[in-house]
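Hello,

Here is the structure I promised to pass on. Please have a look at it first, and then read on for what turned up.

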Amino acid sequence: RSILDLRQSEGLSASDVAAVTARIPARNAEILMYPRPDTPMQARFSLPYCAAVAVLYGKLGVADFAPEAVLRPEVRAWLPKVTLETHPIHERSSDLAFLEPSVVTLHLAGGGERRTEVAHPRGTPQRPLSGAEMSDKFRSCAAGALSAEAAAAALPMVRVPLSNDASRILVAKISLSELPASIVTLPTDRKSTRLNSSHSSVSRM
């Protein structure tokens, strides 16, 4: 998300960016283990892939994790331009309660750089998505299961309650007639309908 924010705030296009350096916590780097992904699942755990897509297209969504999207030549050509660095290891590096910022630097084609430091990723309780961003995310995630008309009809029923621990949960109440039976799970209390999809939530870069 940092790259997308920098692109927007600085008015940058893909041709303006020559390379990207990202410094993240070491524990996060262990999870993002695929520098050159070949499959959708690997792409979900690849910082270079997500960074390259963000630079090239100015957005990152569910469609970018389709098999054919992962193998796009222009994206694969950009992967070596992304450098992943980690914060130094110390006694609190494995402590999940210890927050280290992510630092993203865009190296510009004309010289110079643009840098941003993010303490809390976009979409966390500390930096929740805006209403417009939540709507866009719902449409993107629903695209594989609902028609555009059904998604538009369901959108007003999407609500984001705030629980006691400040975690935000997306709940969509949608008529069963609009959904394939294979992706609908009725909870035991039958008070709501939950969407189960093979698409993972897109985070973050």
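Ser46 counts as buried, at 0% relative accessibility (buried means under 20% relative accessible area, exposed over 50%, and partly exposed in between, with a 1.4 Å probe and protein chains only). Ser46 sits in the loop between α3 and α4; helices (H or I, at least four residues) and strands (E, at least two) are DSSP runs, numbered from the N terminus. Leaving aside residues up to four places away in sequence, Ser46 touches Leu32, Tyr34, Pro35 and Pro37, where contact means heavy atoms within 4.5 Å. A polar atom of the Ser46 side chain also lies 3.1 Å from the backbone nitrogen of Tyr49.

Before going further, a word on the source: this is a predicted model, in which local features need pLDDT of at least 70 and side-chain atom pairs count only at pLDDT 80 or more, while totals for chains, interfaces and linings use all residues. Residues are numbered from 1 along each chain as its sequence is written, and side-chain values use heavy atoms, with hydrogens and water left out.

Now the overall picture. The protein has 205 residues, of which 34% are buried, and its secondary structure comes to 8 helices and 8 strands. Of the contacts between residues at least 6 apart in sequence, 56% join residues at least 24 apart. About 11,700 Å² is exposed, with carbon and sulfur atoms supplying 55% of that area (Shrake-Rupley method with a 1.4 Å probe; for residues, only the protein chains shown count as cover).

What holds the middle of the largest nonpolar core? Ile3, Val20, Tyr49, Trp78 and Leu106 have the most contacts inside this core of 30 residues. By nonpolar core I mean a set of buried Ala, Val, Leu, Ile, Met, Phe, Trp, Tyr and Cys residues joined through side-chain atoms within 4.5 Å. The elements giving two or more residues to it are α1 (2–10), β1 (17–24), α4 (47–57), α5 (67–70), α6 (73–78) and β3 (102–108). The largest share, 8 residues, comes from α4. Another core, of 8 residues, lies apart from it and includes Leu146, Ala150, Ala151 and Ala154.Helix α1 deserves a look of its own. Its buried residues are Ser2, Ile3, Leu4, Leu6 and Arg7, and they pack against β1, α4, β3 and β4 (113–118). Just after α1, Gly11 takes a positive phi of about 65 degrees.

In strand β1 you will find Ala22, which is buried with a relative accessible area of 1%. Ala22 and Val103 are 81 residues apart in sequence, yet their C-alpha atoms are 5.7 Å apart in space.

Next comes Asp64, in the loop between α4 and α5. Is Asp64 buried or exposed? Asp64 is buried, with a relative accessible area of 10%. Its side chain makes a polar contact with the side chain of Arg72 at 3.0 Å (a polar contact is a pair of N or O atoms within 3.5 Å; within protein, one must be able to donate a hydrogen and the other to accept it, and residues adjacent in sequence count only if both atoms are side-chain atoms). Not counting residues up to four places away in sequence, Asp64 touches Tyr49, Val53, Lys59, Ala69, Val70 and Arg72.

On to the charged pairs. There are 7 salt bridges, each a side-chain nitrogen of Lys or Arg within 4 Å of a carboxyl oxygen of Asp or Glu. One of them joins the side chains of Asp5 and Arg127 (3.6 Å, N to O). Asp5 lies in helix α1 and Arg127 in the loop between β4 and α7, so this pair ties together parts that are 122 residues apart in sequence. Asp5 is partly exposed at 25% relative accessible area, and Arg127 is partly exposed at 24%.

Asp38 forms a salt bridge with Arg76, their closest N and O atoms being 2.9 Å apart. This pair links distant parts of the chain, with Asp38 in the loop between α2 (26–31) and α3, and Arg76 in helix α6, 38 residues apart. Asp38 is partly exposed, with a relative accessible area of 46%, whereas Arg76 is buried, with 13%.

A third example is Arg139 with Asp136, whose closest N and O atoms are 3.2 Å apart. Both residues lie in helix α7, 3 residues apart, about one turn of the helix. Arg139 is partly exposed at 42% relative accessibility, and Asp136 is partly exposed at 48%.

Finally, the surface: Ile31, Met41 and Phe45 form a nonpolar patch with about 280 Å² of accessible area together. Patches are made of residues with over 30% relative accessible area and no salt bridge, with like charges joined within 9 Å and nonpolar side chains (Val, Leu, Ile, Met, Phe, Trp, Tyr) within 5 Å. Met41 has its place in helix α3 (residues 40–44).

Best wishes
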